[in-house]
Amino acid sequence: LDEPTNHMDLESVEWLENYLTTRTEKLALVVVSHDREFLDRVCTKIVETEFGVTYSYNGNYRAFLKQKEQRVALATEAWEKQQKEIHA
């Protein structure tokens, strides 16, 4: 689904959210959207491709943000440690 909530009124968005969460639970769907609230209510897994690398996060959009922040912090920490070892 590409930007499914664009140009929809609130009633239509609520119908779509209900449909996606109750009738497609055994399906994998690809949703591209800038509507973070919609993603938060509908998604159970987020897949992100960044710099040619794909990362998978379980949970809704808010969970994705937290998990990504943790992943980036760990990667930064590992890089900084590596730099210290290189320059030691």
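**Exercises on rings, contacts and strands**

At 13% relative accessibility, Tyr61 counts as buried, where buried means under 20% relative accessible area, exposed over 50% and partly exposed in between (1.4 Å probe, protein chains only). The model is predicted, so local features need pLDDT of at least 70 and side-chain atom pairs count only at pLDDT 80 or more, while totals for chains, interfaces and linings use all residues. Residues are numbered from 1 along each chain as its sequence is written, and side-chain values use heavy atoms, with hydrogens and water left out.

**Exercise 1.** Classify the ring pairs that link Tyr57, Tyr61 and Phe64 into a cluster.

*Solution.*
Step 1. Take the rule: rings of Phe, Tyr and Trp (its six-membered ring) pair if their centres lie within 6.5 Å; planes under 30 degrees apart count as stacked, over 60 as edge-to-face and the rest as tilted.
Step 2. The structure holds 3 aromatic pairs. In one of them, the ring centres of Tyr57 and Phe64 are 5.1 Å apart and the planes stand at 75 degrees, so this pair is edge-to-face.
Step 3. Tyr61 and Phe64 form a tilted pair, with 5.4 Å from centre to centre and 45 degrees between the planes.
Step 4. Place these two residues: both lie in helix α3 (residues 61-86), 3 residues apart, about one turn of the helix. Helices (H or I, at least four residues) and strands (E, at least two) are DSSP runs, numbered from the N terminus.
Step 5. Check the burial of the other two rings: Tyr57 has 4% relative accessibility and counts as buried, and Phe64 is buried at 8%.

**Exercise 2.** Describe the surroundings of Asp40 in helix α2 (residues 36-42).

*Solution.*
Step 1. The relative accessible area of Asp40 is 12%, so Asp40 is buried.
Step 2. Leaving aside neighbours within four places in sequence, Asp40 is in contact with Asn60, Tyr61 and Arg62; contact means heavy atoms within 4.5 Å.
Step 3. The side chains of Asp40 and Arg62 make a polar contact of 2.8 Å. Such a contact is a pair of N or O atoms within 3.5 Å; within protein, one must be able to donate a hydrogen and the other to accept it, and residues adjacent in sequence count only if both atoms are side-chain atoms.
Step 4. Turn to Arg36, which also lies in helix α2. Arg36 is exposed, at 52% relative accessible area.

**Exercise 3.** Is Ser33 buried or exposed, and which residues does Ser33 contact beyond its neighbours within four places in sequence?

*Solution.*
Step 1. Ser33 lies in the loop between α1 (10-23) and α2.
Step 2. With 13% relative accessibility, Ser33 counts as buried.
Step 3. Beyond those neighbours, Ser33 is in contact with Glu3, Pro4, Thr5, Phe38 and Leu39.
Step 4. A polar atom of the Ser33 side chain lies 3.0 Å from the backbone nitrogen of Asp35.

**Exercise 4.** In which sense do strands β1 and β2 pair?

*Solution.*
Step 1. Two strands pair if DSSP finds at least two bridges between them.
Step 2. Strand β1 (residues 45-50) and strand β2 (residues 53-58) have 6 bridges, in the antiparallel sense.
Step 3. As one example, Lys45 has Asn58 in β2 as its bridge partner.
Step 4. The hairpin has 2 residues between the strands, and Phe51 takes a positive phi near 55 degrees.
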